[in-house]
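Colleague: I am new to this structure and would be grateful for a close look at a single part of it. Please set out the overall arrangement beforehand, so that I can place what you describe.

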Amino acid sequence: DYYERRDAVHSLSDSALYRSDGITLDLNGSPQRVTGMAVTPSFFPLVRTQPALGRAFTDQEGELGQEQKVILSDGLWRQMFGADPNVLQKTIRMAGRPYTVVGVMPPDFRFYKSSDILIPLGTRAEAEGRDRDVAAAHLAERAPGEHPEERHEGPCARPVQVAEQRD
């Protein structure tokens, strides 16, 4: 489980999971494929970016069954909502399910691949009562005083992308 690994590895000051996905979005009654990225709520502080409008995902929204929130890219917000600042709390449909808009990213936001939509990556297995691990990339920041040559053994030792600590 992601949260168990995150809490057990003390050499990292923070970590997040992310996964790029194609998403079918209902735009004015017709389906359109857009690029999306599912992220754990810890993603935003780790990459030091917050939505320009609204908010980032809460920890609760990172639990399976609670993830029907969405953050729009600036471009999709302009295309779909005409840059309406009252977009927050509006509902859009993706893959036939309703999602509530909670934020809009800054125009210059780019990470890994350009994404039209960000959704929470639900990872807590106990929300569905089953053992589940998410296939996603792991991004982390090394804790102060930790060195890249140090090796960590045990069940939590997994390859991750690690960013150097920033001041």
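**One residue in its setting**

Modeller: The protein chain has three helices and nine strands, here in a predicted model. Followed along the sequence, these elements come in the order α-β-β-α-β-β-α-β-β-β-β-β. The protein chain holds 167 residues, and buried residues make up 43% of them. Its accessible surface comes to about 9,100 Å², with 46% of that belonging to carbon and sulfur atoms. If one takes the contacts between residues at least 6 apart in sequence, 66% of them join residues at least 24 apart.

The part I propose to examine is Asp74, which lies in helix α3, a helix covering residues 74-81. Asp74 counts as buried because its relative accessibility is 11%, and the limit for buried is under 20%. The side chain of Asp74 is joined to that of Arg78 by a polar contact of 2.8 Å. Once residues up to four places away in sequence are set aside, Asp74 touches Val104, Met105, Pro106 and Pro107.

Gly54 offers a second setting to consider, as its place is in strand β3, residues 53-54. Gly54 has a relative accessible area of 44% and is therefore partly exposed. Beyond its neighbours within four places in sequence, Gly54 is in contact with Leu88, Val102 and Gly103. The C-alpha atoms of Gly54 and Pro85 are separated by 9.4 Å, while the two residues are 31 residues apart along the chain.

Technical notes:
Residues numbered from 1 in each chain as written. Predicted model: local features only at pLDDT ≥ 70, side-chain atom pairs only at ≥ 80, totals over all residues. Heavy atoms only, no water. Helix = DSSP H or I, 4+ residues; strand = E, 2+ residues; numbered from the N terminus. Buried < 20%, exposed > 50% of the residue type's maximum accessible area, 1.4 Å probe, protein only. Contact = heavy atoms within 4.5 Å. Areas by Shrake-Rupley, 256 points an atom, 1.4 Å probe, with all protein chains shown as cover. Polar contact = N/O pair within 3.5 Å; in protein donor to acceptor, adjacent residues only side chain to side chain.
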